[in-house]
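Work through the following exercises with the sequence and the model side by side. Each task is followed by a solution that proceeds step by step.

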Amino acid sequence: MVLWETGAFFLTIEYNNDNLLITDINKVKAMERRNTMQKELTYAAVMAYPGHPSADDIYRMIAAEHSSISKATVYRNLSSLAEEGKIGRVESFAAGEVHYDHRTEHHYHGYCRKCGKVVDIDVSCDKGLLSQVNPMEDGFSITSHELIFEGICRDCREKEKENGTEGIKD
Ligand SMILES: [Zn+2]
Ligand SMILES: [Zn+2]
């Protein structure tokens with residue numbers, strides 16, 4: 001319940017396991033505003049970032065202008081934005097790396113085995129695949145699929161050429 005309201009003060013008082021809790025609503029609201037702002041900042045950074053940034057890339061981009069934001073906050077916001085479907089999330093099982101994506105519609109990715117770069121692969125997604133595997137006999141219900149193509153990116157191939165260690169030909 002709101003105990004009293006005098007100008008800037010909004011105090012609530014409540015019992016929680018016999019402990020008296022007095023909360024300054026203004027502080028709570030300011031914190032909520034700050035959380036919302038930090039989440040919007042994280043979203044804007046992913047939208048502005050070309051390609052498929054890692055959580056660390058996004059943290060560094062934000063921290064360059066907002067040095068007070070913590071890494072944990074950025075990581076938490078990225079996870080929650082991805083869960084809400086507002087940004088995409090690409091996981092490379094081979095390398096255990098997570099990348100984020102401003103594109104949210106279903107699409108496939110290519111992964112450079114040398115430098116870990118993630119790129120979009122413009123091939124239409126196989127929508128019939130799910131109906132081919134569903135329903136599975138053991139009751140496992142498939143809800144989505146990811147396809148990651150692996151290879152070596154152009155930068156890495158050029159580096160290999162310079163070093164005379166090119167192993168992959170076109
Ligand atoms: Zn590469
Ligand atoms: Zn993508």
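**Exercise 1. Find the residue with a positive phi just after α5, and decide how far α5 itself is buried.**

Solution. Step one is to go to the end of α5, just after which G164 adopts a positive phi of about 65°. Helices here are DSSP runs of H or I with at least four residues, strands are runs of E with at least two, and both are numbered from the N terminus. Step two is to count burial, where a residue is buried if 20 or more other C-beta atoms lie within 10 Å of its own, exposed if 12 or fewer, and partly exposed in between, with C-beta atoms placed from the backbone. Of the 9 residues of α5 (residues 154-162), the number buried is 0, so the helix lies largely in the open.

Before going on, note that this is a predicted model, in which local features need pLDDT of at least 70 and side-chain atom pairs count only at pLDDT 80 or more, while totals for chains, interfaces and linings use all residues. Residues are numbered from 1 along each chain as its sequence is written, and chains are lettered from A and ligands numbered from 1 in the order in which they are written.

**Exercise 2. List the elements of the protein in sequence order, and state what share of its residues is buried.**

Solution. The protein has 5 helices and 8 strands, and reading along the sequence gives the pattern β-β-β-α-α-α-β-β-β-β-α-β-α. Of the 170 residues in the protein, 11% are buried.

**Exercise 3. Describe the sheet that contains β6, strand by strand.**

Solution. Begin with the order, which is β7-β6-β8 in an open sheet of 3 strands with mixed pairing. Since β7 and β8 stand at the edges, each with a single partner strand, one side of each is left without a neighbour in the sheet. From one strand to the next the twist averages 30° (axes being lines fitted to C-alpha atoms, for helices over the stretch in contact, with angles from 0 to 180 degrees between N-to-C directions).

Next, take the pairings, remembering that two strands pair if DSSP finds at least two bridges between them. Strand β6 (residues 108-112) pairs with β7 (residues 118-121) in the antiparallel sense over 4 bridges, and it pairs with β8 (residues 148-151) in the parallel sense, also over 4 bridges. G110 stands opposite V119 in β7, while its bridge partner in β8 is F149; Y111, for its part, stands opposite E150 in β8. The hairpin of β6 and β7 has 5 residues between the strands, and G116 in the turn has a positive phi of about 85°.

Finally, look at the side chains. In a regular strand the side chains alternate between the two faces of the sheet. Along β6, H109 and Y111 point to one face and are buried, whereas Y108, G110 and C112 point to the other and are not buried.

**Exercise 4. Work out how α1 and α3 are placed relative to each other, and which residues meet.**

Solution. The axes of α1 (residues 25-48) and α3 (residues 71-83) come within 9 Å and cross at roughly 70°. Angles under 35 degrees count as roughly parallel, over 145 as roughly antiparallel, 65 to 115 as roughly perpendicular and the rest as oblique, and the two helices are therefore roughly perpendicular to each other. Q38, K39, T42 and Y43 in α1 meet T73, V74, N77, L78 and L81 in α3 (contact requires C-beta atoms, placed from the backbone, within 7 Å).

**Exercise 5. Identify the buried residues of α2 and what they pack against.**

Solution. In α2 (residues 55-63), the residues I58, Y59 and I62 are buried. Seen down the axis of α2, these buried residues fall within an arc of 100° (the arc of the directions from the helix axis to the C-beta atoms), so they line one face of the helix. They pack against α1, α3 and β5 (97-101).

**Exercise 6. Is S70 buried or exposed, and what of V90?**

Solution. S70, in the loop between α2 and α3, is exposed, with 11 other C-beta atoms within 10 Å. V90, found in β4 (residues 88-92), counts as buried, with 20 C-beta neighbours inside 10 Å. Leaving out residues up to four places away in sequence, V90 touches H52, H99, D101, H109 and V118.

Definitions and conventions: Two residues are in contact if their C-beta atoms, placed from the backbone, lie within 7 Å.
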